[in-house]
Amino acid sequence: MLSKAATMEILMNRNGDAGTLPEDDSLEQVAKLQWSLDEKVGSFTITRDLQQVMVSGPNLNETSVVSGGYGGTAEGIIPTASIKGPAVRYNAQFNRRIPVTGQGSSMQDSRSSSSMTAEESSRGVAVEKLDFMKQWGLNTYKCTKQMIAERFGRGSRTVDLELEAQIEVLRDTKRKYENVLRLARALTNHLYSMVQTQHALGDTFTDLSLKSPELRDEFGYNAETQKLLCKNGETLLGAINFFVSSINTLVNKTMEDTLMTIKMYEAARLEFDAYRADLEELSVGPRDVVNMARIDTAQEQYQIHKDKYERLRSDVTIKLNFLDENKVKVMHKQLLLFHNAVSAYFAGNQQQLEQTLKQFNIKLRPPGADKPSWLEEP
């Protein structure tokens, strides 16, 4: 016999509406109603405990689902802890379960790992810069100390007398060649002004020969002379421009490159003397464990700067030898060009002047070559 307590269980129809049987119905009506529901939809009976859990947020490990009809056996009870599948989250507002995947946690892990990697790399760069600044400061302090000691005569310096003499000769030669370059540029400017004046004077004489019939021949002779001088002046101007360009390359590129290597050599010499003095100062001190470690470090730094000094000294010697050979070749050619061009110009020998330009492969630009044509003008 079924009691009234059994009939108080919630029955779910197809629409999900819950209903209770009236208390005054008979057991026969209850059995008929249950049989009809089992026949049509195979209803699910949910206990009051399960309904309570679903409202407050279910814990799938503690709930159970009863399948089958009313009064079914215990074999139809399936514990949810044994169900294998993705985890779900219950949404009480829309009466649905939302699957929860591990994508969020994996994204959080990747973000945290990437942030840790960026932080470690930035920390490594900061440590590297700090070590560089520390080494630079120590090196600057030692070199400044050595420089002051040399200025006041309290420290010793490494001197290569032969190399120092060659360096001094190079610096003096560069100063003299810079003076030659300055004077040659001044001559070019004056010659250019004279050529422009001669060109304007020749045009004026030509115009006057046309407007003055009684002096036509005299103005004509002078106009031809000025035009010839203007042409020879342009030829001489091309030769001097080539001379200036070659001297400028020799002074401001070849000699300057050698002087840059000499500056590096002098800086290496100062560092070498600074670390040498540091090693000598430590060698005089006590021979304890701490001082011996410092001596080993100083000996290593001394050897490094010694090798750098000797390498740069060799580079300076080689560049000085090449510079002397190159200077002799360049100046021999340029001085011969300058002499022949100037002599032919003032002698009025136009053929010799043109032959000099051909000898040195100098091509003159025709007048107005730099100006755009009338088609290219805006």
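Axes are lines fitted to C-alpha atoms, for helices over the stretch in contact, and the angles between them run from 0 to 180 degrees between N-to-C directions. In these terms, the axes of helices H6 and H7 come within 7 Å and cross at roughly 165°. Because angles over 145 degrees count as roughly antiparallel, H6 is roughly antiparallel to H7. The crossing of H6 past H7 is left-handed. By class, the residues in the contact of H6 with H7 comprise 32 nonpolar, 13 polar and 11 charged. The structure is a predicted model, and the values reported here were computed from it.

Confidence in the prediction varies along the chain. The mean pLDDT of the protein chain is 75, with 66% of its residues reaching 70 or more. Over residues 1-27 the pLDDT is below 50, and this stretch has 32 contacts in the model beyond near neighbours in sequence. The pLDDT also stays under 50 over residues 370-378. For residues 370-378, the model has two contacts beyond four places in sequence.

The packing of H6 was also examined against helix H5, which spans residues 161-211. H5 and H6 pack at an angle of about 160°, and their axes are 7 Å apart. This angle makes H5 roughly antiparallel to H6. H5 passes H6 in a left-handed crossing. The contact of H5 with H6 divides into 30 nonpolar, 15 polar and 10 charged residues.

Helix H7 (residues 289-347) also packs with helix H8 (residues 350-359). The axes of H7 and H8 come within 8 Å and cross at roughly 160°. H7 and H8 are therefore roughly antiparallel to each other, and their crossing is left-handed. On the side of H7, the contact is made by Leu-336, Leu-337, Asn-340, Ala-341, Ala-344 and Tyr-345. On the side of H8, the contact is made by Gln-352, Leu-353, Thr-356 and Gln-359. By class, the contact of H7 with H8 has six nonpolar and four polar residues, and no charged residues.

Aromatic pairs were examined next. The structure holds six aromatic pairs. One aromatic pair, formed by Tyr-265 and Tyr-309, is stacked, with 5.6 Å from centre to centre and 20° between the planes. This pair links distant parts of the chain, 44 residues apart. Tyr-265 lies in helix H6 (residues 216-284), and Tyr-309 lies in helix H7. The pair thus joins the two helices whose axes cross at roughly 165°.

A further link between distant parts of the chain involves Glu-150 and Leu-270, which are 120 residues apart along the chain. The C-alpha atoms of Glu-150 and Leu-270 are separated by 9.8 Å. Glu-150 is placed in helix H4, which covers residues 103-151. Not counting residues up to four places away in sequence, Glu-150 touches Gly-155, Ser-156 and Arg-157. Glu-150 also touches Arg-269, Leu-270 and Asp-273.

Definitions and conventions
Residues are numbered from 1 along each chain as its sequence is written. This is a predicted model: local features need pLDDT of at least 70, side-chain atom pairs count only at pLDDT 80 or more; totals for chains, interfaces and linings use all residues. Side-chain values use heavy atoms; hydrogens and water are left out. Helices (H or I, at least four residues) and strands (E, at least two) are DSSP runs, numbered from the N terminus. Angles under 35 degrees count as roughly parallel, over 145 as roughly antiparallel, 65 to 115 as roughly perpendicular and the rest as oblique. A crossing is left-handed if the near helix is turned anticlockwise from the far one by less than a right angle, and right-handed if clockwise. Contact means heavy atoms within 4.5 Å. Ala, Val, Leu, Ile, Met, Phe, Trp, Tyr, Cys and Pro count as nonpolar, Asp, Glu, Lys and Arg as charged, and the others, Gly among them, as polar. pLDDT is the predictor's confidence in each residue, from 0 to 100. Rings of Phe, Tyr and Trp (its six-membered ring) pair if their centres lie within 6.5 Å; planes under 30 degrees apart count as stacked, over 60 as edge-to-face and the rest as tilted.
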